[in-house]
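This report describes how two protein chains meet in a model. The structure comes first, and the text on the interface follows.

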Number of protein chains: 2
Amino acid sequence: MNSQFCVALEHNYTPEDTISLYDIVKKARDNGHDIAAVNIVNPKYSRALKDINEIGPFKKDDIVVQTTGWAKYIIGKISEFLDFDSTDDTIRVNSELILKQEISWAGHLGLTALLFPTLPKQLINYSRCLNNCISSVPYAQIIIRIPLEIPDIWDRWNSLRNLCGHNSRIKIALELPGDLPEGESLARWFAEPIASVIVPKKIFLTNKNGYPVLSKRHQELVRKLFRQTNQFIISGIFGESLEKNGLPSYQQYLRHLFRTQVQPSEIEKLALDYEDYLQTPLQPLMDNLESMTYEVFEQDPVKYIQYEEAIYRALLDRMDFKKDEPLVVMVVGAGRGPIVERALRASERANRKIKLYAIEKNPNAFITLKQKKEVWGDKVTIVFTDMRYWDAPEKADILVSELLGSFGDNELSPECLDGAQKLLNPDTGISIPSDYTSYITPISSTSLYNSVSSYKDVMHFETSYVVKFNKVCEISEPKPIWSFQHPNWNIETNPSSVKFNLHNDRYNFVEFTIPENMTIHGIGGYFEATLYKDVIISINPPTHSEGMFSWFPLFFPLKIPMYAKKNSKVVAHFWRLHDTKKVWYEWCVVPVTTNDEEPIPQDVGSASSIHNPGGRSHWIGL
Amino acid sequence: MNSQFCVALEHNYTPEDTISLYDIVKKARDNGHDIAAVNIVNPKYSRALKDINEIGPFKKDDIVVQTTGWAKYIIGKISEFLDFDSTDDTIRVNSELILKQEISWAGHLGLTALLFPTLPKQLINYSRCLNNCISSVPYAQIIIRIPLEIPDIWDRWNSLRNLCGHNSRIKIALELPGDLPEGESLARWFAEPIASVIVPKKIFLTNKNGYPVLSKRHQELVRKLFRQTNQFIISGIFGESLEKNGLPSYQQYLRHLFRTQVQPSEIEKLALDYEDYLQTPLQPLMDNLESMTYEVFEQDPVKYIQYEEAIYRALLDRMDFKKDEPLVVMVVGAGRGPIVERALRASERANRKIKLYAIEKNPNAFITLKQKKEVWGDKVTIVFTDMRYWDAPEKADILVSELLGSFGDNELSPECLDGAQKLLNPDTGISIPSDYTSYITPISSTSLYNSVSSYKDVMHFETSYVVKFNKVCEISEPKPIWSFQHPNWNIETNPSSVKFNLHNDRYNFVEFTIPENMTIHGIGGYFEATLYKDVIISINPPTHSEGMFSWFPLFFPLKIPMYAKKNSKVVAHFWRLHDTKKVWYEWCVVPVTTNDEEPIPQDVGSASSIHNPGGRSHWIGL
């Protein structure tokens, strides 16, 4: 969320207008706006459209913005009369020449933002002209007007984006309609690069005091849009009157909405910095985590409560077991000890004696454990070892671990627990967590696609990233792709057998129906874990543990964005694979033909490639 | 065309087979074959498919190929019983393990070619396994069996190719059917990487002498396939009999077809070296051509005959004009003088006196001109200058130039002639050529796509290449995209005007209907030029000047191969653009929605990007 809020007032210059730029900017600022959006060129210059001989250096009264002095107070509007895809060659060619002239003038003045008129229906030559000419104004923001009331406006935008080769400089100004479209049709815009929001005067209602207000649904949308941009433009025709429902009241209302947003907590603010930022997943098995990483994760307000609850419930279920002895609880991968403390508290709450072991392989975290051991005393035995290779003096009744990644198994919890479960009593031992499931859904996000694409190599398109989603549209509710259960006694333990670790390989595919014409940029990955019985932790949106911030979703990109039509279906295929040194994922998306005769979804010619073959680009070290 | 012809005999090992590899190879070679195609593993190993405990080091009688000694005489066949997309997880997983084992064994033996069984219908996991495992045998040729009698086999292949990310190591073995499919369905295979052709015994007919022969259509196809590969495989079940219609006669027949091919001329042989080879177009305006380049082009058996004919016909039409004076003929861009000589001959034939000027800017070519001048004497005046800037002593009646590129205007003939036409008599002057038209058609070519793709950058996808097409399928007859006429007196000559050179810009689009499911890899470019009246030269396939070899077509690649369904339509858009220093092309391909209400074809979400925006990757210097 940006703290600086900027409201512009749009002025539609007509050929008859005699008002000076000075007066336009003054009117905007006197009425509480920060800047004005105004034509660069007087619309009367449209005479040049049909006569190439009129095209030449601008005459003084052909231009609205004449000097550089006002550059920082205006958004320059490109002429609406240009028609780049006219079937009349004269109009087409002259439009191209005039656009070059306007852009060149804007560059000369040093304008920092250019607003292009409503994206036209015929836009192939338009796209070429736009894509070419913006390279001559490298510092200006390029914004295309996108009125949501045009039914096919998303398809137009999508075509423009493709034709311009996903040029990341081209952004949009979303113009809100009086009647808001439903559901996904609106949601997909959150995946797009919104630079401005245009709020037309005509969509405001009047409240009982005579002030302009927005409907509840509009308010809700505007508040969501505050997370996308801080630049709003008020458009429409205003008289000179400065009554209470006059010019200033619209910007005042928007500023009021902005001010009265629910403020994020300190921890939420921390997370905001990570929005749409690509992080490489942690490799806690191969690398040792840093103290700061522990510090942040230990602050999670939900995760440890759930762990305590799970241990507490497991202890209650074992009250009569080994009655006079303490139950043996082992925390494997204890880190700096937060779950150890929760286990102690669970034991107190359940009034059930335990013998507690804390196992950790990270020598740095172990130093903190040793310090805490001074407080814990005999209640806790700390052991410095890799859980997979520890020769324990006794079997555990409860084995507690927190080795989950955003996708559940992606930090190698399955492999670690395969090694650690020999610590557990094979007949009656309880593993916390007892199972976890990975979920996926196709997502659309121009922003994430451009971030990956900016590396200009295949490797980054075959890597999964931890991302706090913001400019993202999840195309459907996520669906489960696979699960792991612990303990799992039916496994091969001989490392030289072909079956070794084979039980942790997975292959599955899930079908999704596309709700609106969409562009799929990748797959979102999530997990749900059962700690014990009905005590769960989840980052799967429908069941997300409220307030838990330890995990953001995973993003699996697609090299080539995949266009998918409304009501069509796609199938996402996922593999979890291994060799002796690593584990990796492969994935692909395959559109489905409409042929219902086939038992298994059929691929068509436009399948994506299988990403990350053989783990060539990204893997997790064993 | 490869001179070494290799015929393999396929042996289908059955579980009951007791024949040794030695006997298989001996039988093949004794009967005139070069090599044998045979299973690596005995089919009885299929028992491991349902029982993972059977998978382990091969037992002696589980393998057909046991020692490395025979490696160079065999193509190793991968087991047919594997099923990578089985819904039975045991079969799927065991298939993966067995494939790894077979490939590993093949690698150990050093086999140089691996033949995979018929591409299955369900192939998503198959694709992943194939793509992964072949990286462990980097030197082996990987060939997939493609029986043309399977109706959707092309779609399967196309899916495999996409899923494997256009892995250029995966090639095909085309298995010929008894009934050959029609037209385009067959033609599109010529765009694919054919490594082998499998000719089943059953498709042969028996001639009146009892020998096996192929039908006329099959013969024709096989002769075409000789241009794609020199490796043929004869398949089917053969008895032990060595009668005249027995085992040797099939390979003898294929060798006979190979031997009796029409042999290419010396010049055709020269051109064969350029098949599917990407050449960057010449820049004769910006750079000076080398003597060798002139040497090759001057040997064209058609071009200069047509130039002589055009000059001759123009002279005949001017017999009564300026009756007692010689007609002034200027050859601009005379090079080393071949057209000058043709003009002299035309003058003799027409019995019409001419005054001949030869203008050339290349100082090296000019040296040859000076030598020839000694032979020509007074009949020719040679001038060392750039045609655009020569201040001539008189006006030409006929201005002859040969500045055409593969796409007509792509070596800047329009700009050169704009500058040179001031040499021409404005009322009665004749320009040879008088006009030229560029033609385009979408093409499919895995080979060209992989060649461009191997550079791993955007620049090479935004460059046009001169290519002699071989492994290419032209999706439709080319259609005209634009034309230039000369002389053109209605042009702006002031270089500082916005109109300067604007008349040489072009924008047009052409619609094509796709005859079969296809993948479009780019656009082919051609030209047709009228030298004078009905004297033309052309490289547009339907009107190609027979035997003319001076120009190969242009290839404009697409960054992302575009899948297009049978009977769907695509529109190719082309631009010719300029700035003060250069001329360039931009292009894109846009699928058409089926909506017929719109007057202009509508783009859909899967439009390609506009290639080469602003001439950023490729241009021709002015």
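In this predicted model, 10 residue pairs are in polar contact across the interface of chain B and chain A, both residues of each pair having pLDDT 80 or more. Salt bridges number zero across the interface of chain B and chain A.

On the side of chain B that touches chain A, two or more residues come from each of the elements in this table.

| Element of chain B | Residue range |
|---|---|
| helix H2 | 89-109 |
| helix H3 | 124-133 |
| helix H4 | 153-163 |
| strand S23 | 554-564 |
| strand S24 | 569-578 |
| strand S25 | 582-591 |

H3(B) provides the largest share of that side, with six residues. Sorted by class, the side of chain B that touches chain A consists of 22 nonpolar, 18 polar and eight charged residues.

How many residues are in contact between the two chains? In chain B there are 48 residues in contact with 48 residues of chain A. About 4,100 Å² of area is buried between chain B and chain A, and carbon and sulfur atoms give 60% of this area. The residues of chain B that lose the most area to chain A are B:Ile124, B:Arg128 and B:Leu163, which together make up 14% of what that side buries.

The predictor also scores the model. The complex has an ipTM of 0.90 and a pTM of 0.92. For chain A, the average pLDDT is 91, and 95% of the residues score at least 70.

Notes
Residues are numbered from 1 along each chain as its sequence is written. Chains are lettered from A and ligands numbered from 1 in the order in which they are written. This is a predicted model: local features need pLDDT of at least 70, side-chain atom pairs count only at pLDDT 80 or more; totals for chains, interfaces and linings use all residues. Side-chain values use heavy atoms; hydrogens and water are left out. Contact means heavy atoms within 4.5 Å. Buried area is the accessible area (1.4 Å probe) that two parts lose on being put together, summed over both. A salt bridge is a side-chain nitrogen of Lys or Arg within 4 Å of a carboxyl oxygen of Asp or Glu. A polar contact is a pair of N or O atoms within 3.5 Å; within protein, one must be able to donate a hydrogen and the other to accept it, and residues adjacent in sequence count only if both atoms are side-chain atoms. Helices (H or I, at least four residues) and strands (E, at least two) are DSSP runs, numbered from the N terminus. Ala, Val, Leu, Ile, Met, Phe, Trp, Tyr, Cys and Pro count as nonpolar, Asp, Glu, Lys and Arg as charged, and the others, Gly among them, as polar. pLDDT is the predictor's confidence in each residue, from 0 to 100.
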